[in-house]
Amino acid sequence: MSEKRFIDAIRDGLREEMAADAAVFLIGQDIGVNGGVFRVTDGLLEKFEAGRIIDSPLAESGMVGVAIGAAMNGMRPVVEIQFADFIFPAFNQVVSEAARMYYRTNGDFTVPMVIRAPYGGGARGGLYHSQSVEAYFAHVPGLKVVVPSNPHDAKGLLKSAIRDDNPVLFFEHKLAYNTVRGEISDGDYTVPIGEAVVSREGQHISLISYGLSVHHCLEAAETLSAEGISCEVVDLRTVRPLDTVTILESVKKTGRVCIVHEDNLTGGVGAEVAAIIAKDGFEFLDAPVQRVAAPDVPSFPYNPGLEDVLLPGPTDIVRAAKELAAY
Amino acid sequence: MPINSRLNESGLDQKDAQSIYRYMLLARSISEKSWLLTRQGRVLFSMPCDGQEAADVASAYALDTVTDFIVPYARSLGAMLVKGMTTQEVMLNMFGKAADPNSGGRQMPMHWGHKQLGIISMGSSVGTTIPRASGVALASKLRGQNAVTMVYFGEGSASEGDFHEGLGFAGVHRLPVVFFCNNNGWATSVPVSLQNAEPQVAKRAQGYGFPGVTVDGSDPLAIYQAVKAAVHRARSGGGPTLVEANTIRMMPHSSSDDHLRYRTQEDLENERKLDPIPLFRDFLITTGILDETSDQELQEFVDLEVEEAIELADAAPSAAAETAFNGVYAP
Ligand SMILES: Cc1ncc(C[n+]2csc(CCOP(=O)(O)OP(=O)(O)O)c2C)c(N)n1
């Protein structure tokens, strides 16, 4: 075991997979000499032969389109979208092409492609460097969508994603890169896609989340435990496919649920989780399902005061949990 | 130029010329009969390729049909036949049956894709195939495959942003890819004059740093020659070429379209003079490569092949309804 930053875990995962499989290559903007604007690919260019790390033209649809073609001809591309906010030009390639290739060819073609993108607010990036976009893709059959919260999971899930024969979207919270640290297993290991994990055991309330928001839940759980409210924190890790078993087990245990994400409330992943609980966990519930999410405002404004009032955080979770406990 | 030396100059021999002609007849026969099947309600959709058989067939004929890749579009029937798809397989596709190798009945007819034949799957969203072709070619380069990729699309689809992005990438990396634009002057009802103030798509190649050529889409020899040169360039590391064939669209856009809403009968009749099939037949007969009798026999043989394929495909089983749930994810 060794302690790593989130960013190092991802870089290690990329490097190890590239070294293990010549079919793996990286394509993105500024990922070569510059090492990516967040420096995730820093130092990789020198380690691999020419052509394994490609600085793409400023063209997201083309970049993903190229990656799909390469994947259909034996490669395992890993695309970096500079900010999740700029994935929309490639939406058609992801949804119309990558996601349904296997289905539409009746299993003839696969698209083993990973798209990585930094997401999330709090970095004063304004409306176009702060978004959470996972819900758009979590809606789409044929895609897998992963949002890790810690270095160990990030590395293990990234390896699984690269080895997966399906297109996988892999979202990394930009604040996590340098602030989230954690113990990482030595050697080659993977974390399976589609499995949630209980990050903290508790009795009274289930806090269900993913990505950076998991840390907000853990912080809130700590605060609440001092007041005698015991929270269980479920880290979904993958938002498509959802691990319904782990979700329902936790609900069965606590009977009270708060789902937390930084993405907007309406139509977010929380809505799907709530629907699953409403159908298959109805008899376990002792209170209405709560959601803590960004309000339905178009992403986060630039001014810190304007951003902070919208960003969901530990205080919002504590408030919602207390309401649940009092119900 | 004397017509015999035209054949010599193209690099094709008499057998090739006969073979190209046969594929053109086959494509026309399938296209015409598919249209009739839609009128009879036996098939639900078709996109006729009538008028562009020379472009499809002669271009694909310039590829190594075993190792090279084709990224098709809906009117690429002729190229599919050259690449090895059988008439039977095409008809299974038209009828959407389980044994259709393109999609087992999941996609609409003429949405080609066949991994074993090196035909990269297309969906309906036009233009998306263009960067995909660059990606297939990139993989060839990274893997040391000596393969060339050719992607087909219409001039309307060349207005999509993906055209720009796909050609830009291929130019930068000098990828072994040929962009083949079938400029028939129409995107459904919209004339090329409303796509772009410059009607010749090939001119755009300059902006991507590689050559663009425009050829007569009714002349299989000219098309073969232009594509052969482009394929050679691609295979020898010279990078991409944009080849544009000025073709005609003799039929409505699809079986769901009525082209008399936006075209005149006179326009259609004038265009018929450029029908590549009688033009090439005349050339073959004048040069003694074909005679009237063998032409007649060939025509009958082709029609019979298509009719047999239709009956077999019609009788073939559909995929079981429950299978619609399967195959969303690869294992
Ligand atoms: C992205 C997208 N927009 C619209 C359509 C509907 N559509 C299908 S074919 C077509 C016209 C295509 O014209 P062109 O590319 O010139 O090829 P042609 O049909 O003339 O051979 C349109 C508008 C589509 N399939 N995909």
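## A tour of the chain B and chain A model

Across the interface of chain B and chain A, 21 residue pairs are found in polar contact, both residues of each pair being at pLDDT 80 or more; the model on screen is a predicted one. Select the side of chain B that touches chain A, and look for α6 (129-143) and α7 (161-172) of chain B, each of which supplies at least two of the residues there. The largest share of this side comes from α6(B), with 10 residues. Coloured by class, the same side of chain B shows 17 nonpolar, 17 polar and six charged residues.

Next, show both partners together: the contact draws 40 residues from chain B and 39 residues from chain A. The size of an interface is often expressed as the accessible area that is lost when the parts come together. Between chain B and chain A the buried area is about 3,100 Å², and carbon and sulfur atoms give 60% of it.

Staying at this interface, pick out E97(A) and R132(B), whose side chains meet in a salt bridge at 3.0 Å, N to O. The rule finds one salt bridge across the interface of chain B and chain A, while the count over all chains comes to 42.

For another of these pairs, move into chain A and select E201(A) and K253(A), where the side chains form a salt bridge with an N to O distance of 2.8 Å. Because E201(A) lies in the loop between β9 (197-200) and β10 (205-209) of chain A, and K253(A) in helix α9 of chain A, the pair ties together parts that are 52 residues apart in sequence.

Now select helix α9 (residues 244-254) and helix α10 (residues 269-280) of chain A, whose axes come within 10 Å and cross at roughly 60°. The crossing of α9(A) and α10(A) is right-handed. On the α9(A) side, T244(A), I247(A), L248(A) and V251(A) meet V273(A), I276(A), I277(A) and D280(A) of α10(A). By class, the contact of α9(A) with α10(A) has six nonpolar, one polar and one charged residues.

Two backbone details in chain A remain to be inspected. Most peptide bonds are trans, and most residues other than glycine have a negative phi. Select R240(A) and P241(A), which are joined by a cis peptide bond with omega of about -5°; P241(A) lies in the loop between β12 (238-240) and α9 of chain A. Finally, go to D30(A), a residue other than glycine with a positive phi, near 65°, which lies in the loop between β2 (24-28) and β3 (53-55) of chain A.

Conventions:
Residues numbered from 1 in each chain as written. Chains lettered and ligands numbered in written order. Predicted model: local features only at pLDDT ≥ 70, side-chain atom pairs only at ≥ 80, totals over all residues. Heavy atoms only, no water. Contact = heavy atoms within 4.5 Å. Buried area = accessible area lost by both parts, 1.4 Å probe. Salt bridge = Lys/Arg side-chain N within 4 Å of Asp/Glu carboxyl O. Polar contact = N/O pair within 3.5 Å; in protein donor to acceptor, adjacent residues only side chain to side chain. Helix = DSSP H or I, 4+ residues; strand = E, 2+ residues; numbered from the N terminus. Nonpolar A, V, L, I, M, F, W, Y, C, P; charged D, E, K, R; others polar. Axes fitted to C-alpha atoms, helices over the stretch in contact; angles between N-to-C directions. Left-handed = near helix turned anticlockwise from the far one by under 90°.
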